[in-house]
Amino acid sequence: MRNTKEIKLILTALYCINFLGNKDEDIDKILRYAFSRIFDSNTNLLTLACVGKTKESAMPEILQLLKEETLYKGDEKNE
C-alpha cells in the first residue's frame with residue numbers, strides 16, 4: 001500500500017462522517033477495531049470532538065484537514 005502515512009487521517013474522517021451521519025454500527029465496529037489494531041488507540045477523543053456537531057457543520061473542517069494532510073481533493077478522481 002502506498003502513502004500509508006495518510007491512513008490515520010482517512011480513518012479519522014470516515015469515523016467522524018459515520019458518527020455524524022446515519023451511524024452504521026458495522027462501520028463503527030470496523031473503524032474502532034482498525035484504530036485499536038493499527039494505532040493501538042481508541043476513538044474516545046474522536047467521539048468527543050464529534051459530539052454536538054452535525055455532519056453539515058463538520059464537513060468543511062474534515063475536508064480541509066484531508067486537503068492539507070493528504071492528496072485527497074474531493075472533487076476530482078484520485079489515483
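Author: A ground rule on exposure before you start asking: buried means under 20% relative accessible area, exposed means over 50%, and partly exposed is in between, with a 1.4 Å probe and protein chains only. This is a predicted model, so local features need pLDDT of at least 70 and side-chain atom pairs count only at pLDDT 80 or more, while totals for chains, interfaces and linings use all residues. Residues are numbered from 1 along each chain as its sequence is written, and side-chain values use heavy atoms, with hydrogens and water left out.

Reader: Okay, which helix in the chain has the highest confidence?

Author: pLDDT is the predictor's confidence in each residue, from 0 to 100, and the chain has a mean of 91, with 92% of its residues at 70 or more. Helices here are DSSP runs of H or I, at least four residues long, numbered from the N terminus. Confidence is lowest in α4, at a mean of 95, and the highest, at 97, belongs to helix α2 (residues 25-39).

Reader: What about the largest nonpolar core: which element gives the most to it?

Author: A nonpolar core is a set of buried Ala, Val, Leu, Ile, Met, Phe, Trp, Tyr and Cys residues joined through side-chain atoms within 4.5 Å. The largest one has 14 residues, and those touching the most other members are Leu11, Tyr15, Cys16, Phe35, Leu46, Ile62 and Leu66. Two or more residues come from each of α1, α2, α3 and α4. The top giver, with six residues, is α1.

Reader: Phe35 is on that list, so which residues does Phe35 touch, not counting residues up to four places away in sequence?

Author: Contact means heavy atoms within 4.5 Å. With those sequence neighbours set aside, Phe35 touches Lys8, Leu11, Thr12, Tyr15, Asp40, Ser41, Thr43 and Leu46.

Reader: Is Thr12 buried or exposed, and at what relative accessible area?

Author: Thr12 sits in helix α1, and beyond its neighbours within four places in sequence it is in contact with Phe35 and Leu46. Thr12 counts as buried because its relative accessible area is 17%.

Reader: And Asp40 has a phi that caught my eye; what is it?

Author: Most residues other than glycine have a negative phi, and most peptide bonds are trans. Asp40 lies in the loop between α2 and α3, and it is exposed because its relative accessible area is 72%. Although Asp40 is not a glycine, its phi is positive, at about 50 degrees.

Reader: What is the volume of the second largest pocket?

Author: On a 1 Å grid over the protein atoms alone, a 1.4 Å probe that fits but cannot get out marks a cavity, while a pocket is an open set with protein on both sides within 12 Å along at least five of seven lines; lining residues have an atom within 4 Å of a point. Grid points are joined across faces, edges and corners, and a volume is the space filled by probe spheres set on the points. For the second largest pocket, that comes to about 220 Å³.

Reader: Which residues lie nearest the centre of that second largest pocket?

Author: By class, its lining has 11 nonpolar, one polar and two charged residues, where Ala, Val, Leu, Ile, Met, Phe, Trp, Tyr, Cys and Pro count as nonpolar, Asp, Glu, Lys and Arg as charged, and the others, Gly among them, as polar. Of the 14 lining residues, those nearest the centre are Thr12, Cys16, Glu61, Ile62 and Leu65.

Reader: Which elements give two or more residues to the lining of the second largest pocket?

Author: The lining holds 14 residues. The elements that supply two or more of them are α1 (7-20), α3 (44-50) and α4 (55-69).

Reader: Which residues is Asp28 in contact with, leaving aside its neighbours within four places in sequence?

Author: Asp28 lies in helix α2, and it counts as buried because its relative accessibility is 7%. Its contacts outside those neighbours are Tyr15, Asn18 and Lys23.

Reader: How far apart are the C-alpha atoms of Arg32 and Asn44?

Author: Arg32 is in helix α2, partly exposed at 33% relative accessibility. Arg32 touches Tyr15, Thr43 and Thr47, not counting residues up to four places away in sequence. Arg32 and Asn44 are 12 residues apart along the chain, and their C-alpha atoms are separated by 9.6 Å.
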